[in-house]
Amino acid sequence: MLRGSRFCKIRSPTWQKERLYRLQEDGLSVWFQRRIPRAPSQHIFFVQHIEAIREGHQSEGLRHFGGAFEPARCLTIAFKGRRKNLDLVAPTAEEAQRWVRGLAKLRARLDAMSQRERLDHWIHSYLHRADSNQDSKMSFKEIKNLLRMVNLDMNDMYAYGLFKECDRSKNERLEGPEIEEFLRRLLKRPELEEIFHRYSGEDRVLSASELLEFLEDQGEHKATLAHAQQLIHTYELNETAKQHELMTLDGFMMYLLSPEGAALDLAHTRVFQDMDQPLAHYFISSSHNTYLTDSQIGGPSSTEAYVRAFAQGCRCVELDCWEGPGGEPVIYHGHTLTSKILFRDVIQAVREHAFTVSPYPVILSLENHCGLEQQAAMARHLHTILGDMLVTQTLDSQNPEELPSPERLKGRVLVKGKKLPDTRSENGCILSEREEEDEEEDEEEELGAVEQRRRAKQISPELSALAVYCCATRLRTLRPPPVPPQPCQVSSLSERKAKKLIREAGNSFVRHNARHLTRVYPLGLRMNSANYSPQEMWNSGCQLVALNFQTPGYEMDLNAGRFLVNGQCGYILKPVRLRSPNTTFDPECPGPPRTTLTIQVLTAQQLPKLNTEKPNSIVDPLVRIEIHGVPADCARKKTNYVLNNGFNPRWGQTLEFQLRVPELALVRFVVEDYDATSPNDFVGQFTLPLSSLKQGYRHIHLLSKDGASLSPATLFVHICIRSRATLGSAGASLCPTPALWSGGRDGGPAPPSSR
């Protein structure tokens with residue numbers, strides 16, 4: 001792989017070009033040849049951005065265009081985010097296997113690396129690039145180049161002084177141990193040293209009891225001496241210290257940079273919620289126009305979009321079904337220029353990929369525009385391809401209408417569609433399941449019988465029979481009818497209609513959603529497949545809040561944050577107040593504040609360089625913290641910006657928020673590059689539920705716009721959460737005020753920039 005291999009890259013029947021691919025010496029990136037040379041950053045992809053490696057004809061591209069090549073020579077590299085799949089054909093089956101095994105091994109090694117190891121790997125890769133003549137020695141000019149590469153504009157005099165201190169050989173070159181000494185000073189974390197010394201005392205090591213004291217001050221009340229000893233054995237690097245059950249500064253840093261020291265509660269990364277409640281009691285990760293990879297006007301449709309949605313934990317996908325040639329229904333955005341894919345190919349993708357990430361049930365939301373014959377073909381494909389996965393009858397004969405639980409439906413596929421009534425009308429017709437995007441729903445309800453018959457479509461009995469627990473029904477009123485509607489009835493609402501119900505009938509809508517599933521979808525006017533904020537819908541208990549997964553932005557960040565916990569299984573148990581059929585909760589009138597969230601933004605580490613082609617382009621970072629919850633809780637506050645330092649900026653600023661409904665709140669940490677004359681540039685973010693946010697000194701591991709890791713980029717913060725019930729009691733002592741670290745404004749070993 002280091003020597004490179006020539007692959008045939010396949011895009012279409014006619015676009016099949018030979019390209020060179022070569023693993024870089026850092027073992028973390030792959031360089032590839034392009035027909036037209038571009039900027040260096042446009043010629044590499046990173047191992048950490050790979051979602052999956054598939055062998056053979058296991059992608060849409062290779063299934064359609066790779067038939068001339070034997071499967072053993074073919075492989076597909078699927079990426080996280082919006083980057084297209086890479087479909088490749090190797091010269092031999094052995095060469096293909098070398099890359100499949102090699103990339104798998106590199107990904108496994110990367111996953112096993114600690115944050116400290118990633119940091120060391122990261123800085124040494126830049127060191128190698130900064131060594132312009134590759135003599136393993138660093139001149140001061142090369143050191144200055146290294147500093148710019150890692151996003152740091154250090155004062156020349158200070159940088160040269162640091163250089164001279166490390167140049168023990170006095171030859172104006174750093175080599176071997178001198179380079180390591182320079183890097184050690186560069187990577188110092190004074191704020192961590194201060195915390196460590198506060199607990200370790202004069203001997204500069206933490207005993208198990210001193211570490212336990214730190215953990216208790218962090219708010220980890222279940223911590224024991226045995227747990228502290230276990231942390232020492234896990235994270236301490238010095239064997240002698242480990243034998244004496246002592247933790248050094250390096251071990252302390254290893255712990256704080258690990259998942260156990262992160263802001264996200266590690267226990268919540270596994271399935272920890274009750275999964276035996278009815279489906280209506282869960283928020284369910286849902287996608288709109290799942291088949292699209294771009295805009296809904298002329299973008300391509302692809303089965304790969306379903307694969308990517310499932311990889312992100314999505315549990316409800318949409319299929320817009322239309323009449324296709326040869327008796328085969330197709331999926332596309334009707335009456336637009338979007339491309340078409342076969343219904344059966346999508347169902348095959350569901351069978352192969354629906355349960356790779358989560359074992360919990362998948363809902364296929366059918367928007368049916370087909371005639372009876374092709375509806376019967378749809379039902380046939382669902383039966384023959386999905387087999388026993390497909391739910392075709394109720395699971396509980398005693399309570400056939402009650403919604404089952406996610407646990408009971410593990411590995412099963414539900415169909416959401418129109419259901420024929422028990423007693424059909426004269427022509428056996430009902431309205432099609434078409435999402436009314438013109439928002440004239442009230443008028444449509446008053447259409448005459450002639451107009452209704454004109455717009456009506458027949459529903460195939462075969463397809464109707466598959467709508468077992470998700471029977472699509474229009475929500476006409478929230479007033480309790482004489483006969484309560486069955487829980488299996490599902491309503492689809494546009495975002496505008498949902499907002500109207502929230503505004504005009506808040507509590508009634510919440511009560512409805514405590515028993516019935518409600519799907520919300522974006523307005524049809526969003527031609528570029530933009531999204532709406534899902535938080536407002538979650539506040540009212542809507543379960544299936546469908547978003548355009550192909551469009552990154554803060555809305556998808558919120559969705560990823562909501563479903564980040566509970567094992568990322570795509571199901572999140574709603575708060576108690578959203579599950580009770582007699583709840584009095586109204587998100588528009590949530591009551592007085594009950595919780596105070598205080599976050600001290602201390603420092604950041606190794607923020608990514610936004611313009612890698614311009615060495616002198618260095619970010620001026622600021623941190624913004626956003627609260628997304630009920631309207632009264634929504635807020636955003638930010639720090640000042642730090643000039644010319646994306647390597648180790650320091651703030652020491654405190655931001656405080658008052659919350660009324662903390663169990664619904666999401667906390668979003670955003671880092672931006674300040675610009676005085678134009679909108680700030682996005683650097684990274686991380687979003688998580690407040691209920692999964694740990695207290696104390698924590699690292700926030702930042703993500704890109706597409707949700708990919710920006711490792712080793714982190715924020716370092718102190719978090720305190722106080723509820724009204726604990727103020728003035730023992731609970732108030734959970735959050736000792738952190739000692740404000742008095743480091744310089746621009747961070748690291750450098751004084752303020754000369755600029």
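Me: Let me get the terms straight: helices are DSSP runs of H or I with at least four residues, strands are DSSP runs of E with at least two, and both are numbered from the N terminus. How many helices and strands does the protein chain have?

Reply: The protein chain has 21 helices and 33 strands. This is a predicted model, so local features need pLDDT of at least 70 and side-chain atom pairs count only at pLDDT 80 or more, while totals for chains, interfaces and linings use all residues. Residues are numbered from 1 along each chain as its sequence is written, and side-chain values use heavy atoms, leaving out hydrogens and water.

Me: Thanks! What's the radius of gyration of the protein chain?

Reply: It comes to 28 Å, close to the 27 Å that the globule rule gives for 755 residues, so the protein chain is as compact as a globular protein of that length. That radius is taken over C-alpha atoms, and the rule is 2.2 Å times the number of residues to the power 0.38. Along its principal axes, the C-alpha trace spans about 100 × 70 × 55 Å.

Me: And what share of the residues count as buried?

Reply: 55% of the 755 residues do. Buried means under 20% relative accessible area, exposed means over 50%, and partly exposed is in between, using a 1.4 Å probe and protein chains only.

Me: What part of the contacts comes from residues 24 or more positions apart?

Reply: Counting contacts with a separation of 6 or more, such pairs account for 68%. A contact here means heavy atoms within 4.5 Å.

Me: Got an example? Which residue's C-alpha is 4.8 Å from that of Lys137?

Reply: That's Glu175, 38 residues away along the chain. Lys137 is found in strand S8 (residues 137-138), and it is partly exposed, with a relative accessible area of 32%. Leaving aside neighbours within four places in sequence, Lys137 is in contact with Asp131, Glu142, Arg173, Leu174 and Glu175.

Me: How far apart are the C-alpha atoms of Ala39 and Glu613?

Reply: They are separated by 7.0 Å, with their positions 574 residues apart along the chain. Ala39 sits in the loop between strand S3 (29-32) and strand S4 (44-46), and is partly exposed at 27% relative accessible area.

Me: Switching topic: at what angle do helices H8 and H9 pack?

Reply: H8 (residues 208-217) and H9 (residues 225-235) pack at about 105 degrees, with their axes 8 Å apart. The axes are lines fitted to C-alpha atoms over the stretch in contact, and angles run from 0 to 180 degrees between N-to-C directions. H8 and H9 are therefore roughly perpendicular, since that name covers 65 to 115 degrees, with under 35 roughly parallel, over 145 roughly antiparallel and the rest oblique.

Me: Which residues meet there?

Reply: From H8 there are Ala208, Ser209, Leu211, Leu212 and Leu215, and they meet Leu225, His227, Ala228, Gln229, Leu231 and Ile232 of H9. By class, this contact has eight nonpolar, three polar and no charged residues. Here Ala, Val, Leu, Ile, Met, Phe, Trp, Tyr, Cys and Pro count as nonpolar, Asp, Glu, Lys and Arg as charged, and the others, Gly among them, as polar.

Me: Is Glu318 buried or exposed?

Reply: Glu318 counts as buried, at 1% relative accessibility. It is placed in strand S14 (residues 316-322), and its side chain is joined to that of Arg519 by a polar contact of 3.5 Å. A polar contact is a pair of N or O atoms within 3.5 Å; within protein, one must be able to donate a hydrogen and the other to accept it, and residues adjacent in sequence count only if both atoms are side-chain atoms.

Me: What about Lys416: which side chain does it touch through a polar contact?

Reply: Ser492, at 3.3 Å. Lys416 lies in strand S18 (residues 413-417) and is buried, with a relative accessible area of 1%.

Me: Last topic, the backbone. Which residues does the cis peptide bond with omega of about 10 degrees join?

Reply: Ser711 and Pro712. Pro712 lies in strand S33 (residues 709-723). Most residues other than glycine have a negative phi, and most peptide bonds are trans.

Me: Where is Glu172, then?

Reply: Glu172 is in the loop between helix H5 (156-166) and strand S9 (174-175). Its phi is positive, about 60 degrees, although it is not a glycine. Arg204, also not a glycine, has a positive phi near 60 degrees, and is placed in the loop between H7 and strand S10 (206-207).
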